[in-house]
Amino acid sequence: MTADSLPRDIMRGISWSFIGNRFADVHAFTAVLDDYQAAIDGKGSSLDTTVLPCARVLVLYRNGGDDDGVLELKAGNGVGFTARELLFQIHNGIVDEVCDLDHHFFEGLSLNSYPVAGYPPVFKMRLGS
């Protein structure tokens, strides 16, 4: 994977709120996510295209404490993440920490650092209120 193969910003047009509970699987998440997308923008978004062409990624997020939280995520297919899979894994990984914060609305991911010798790229998640 090269720096050129990684997008700088992804998933900016996807609406989601990290509230509620964890989802048992991506299918349960899909039903709620699709309804949420349709309610927000009236048409829904295409969430099944690959948005991140790497098998692993680190996601930094504000958890309300003094330090940022960090999630290490692995693509189910071992190749890359669709928007749906990435958001599902992020939701289940952080919902317990951020659901009570003012800033719990997803606003996209931005590349924070490129992969270095065996380490995955790092993306910073923007959360809004």
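These legends go with close-up views of a predicted model.

**View 1. The hairpin made by β3 and β4**. Here we look at strand β3, residues 56-62, which runs antiparallel to β4 and is joined to it by seven bridges. For a handy landmark, pick Val59, which sits opposite Leu71 in β4. Five residues lie between the two strands, and Gly64 in that turn has a positive phi of about 90 degrees.

**View 2. The two faces of strand β4**. Stay with β4, residues 68-74, and follow its side chains. In a regular strand, side chains alternate between the two faces of the sheet. This strand shows the pattern nicely: Gly69, Leu71 and Leu73 point to one face and are buried. Asp68, Val70, Glu72 and Lys74 point to the other face and are not buried. Leu71, on the buried face, is also the residue that Val59 stands opposite.

**View 3. Met11 and its positive phi**. Met11 isn't a glycine, yet its phi is positive, at about 65 degrees. You'll find this residue in the loop between β1 (9-10) and α1 (26-41). Is Met11 buried or exposed? With a relative accessible area of 8%, Met11 falls under the 20% cut-off, so it counts as buried.

**View 4. Strand β6 and its partners, β1 and β7**. On one side of the story, β1 pairs with β6 (residues 105-113) in the antiparallel sense, over two bridges. Ile10 stands opposite Leu109 of β6 in this pairing. Then there's β7, residues 122-128, which is also antiparallel to β6 and is joined to it by six bridges. Look for Phe105, whose bridge partner in β7 is Gly128.

**View 5. An aromatic cluster built from Trp16, Phe23, Phe29, Tyr36 and Phe88**. The whole structure holds six aromatic pairs. Take Trp16 and Phe23: their ring centres are 6.5 Å apart and their planes meet at 50 degrees, so this pair is tilted. Phe23 also pairs with Phe29, this time edge-to-face, at 5.2 Å centre to centre and with 75 degrees between the planes. How buried are these rings? Trp16 and Phe23 are both buried; for Phe23 the relative accessible area is 17%. Phe29 is at 0% relative accessibility, so this residue counts as buried too. Tyr36 and Phe88 complete the cluster.

Conventions: Residues are numbered from 1 along each chain as its sequence is written. This is a predicted model: local features need pLDDT of at least 70, side-chain atom pairs count only at pLDDT 80 or more; totals for chains, interfaces and linings use all residues. Side-chain values use heavy atoms; hydrogens and water are left out. Buried means under 20% relative accessible area, exposed over 50%, partly exposed in between (1.4 Å probe, protein chains only). Helices (H or I, at least four residues) and strands (E, at least two) are DSSP runs, numbered from the N terminus. Two strands pair if DSSP finds at least two bridges between them. Rings of Phe, Tyr and Trp (its six-membered ring) pair if their centres lie within 6.5 Å; planes under 30 degrees apart count as stacked, over 60 as edge-to-face and the rest as tilted.
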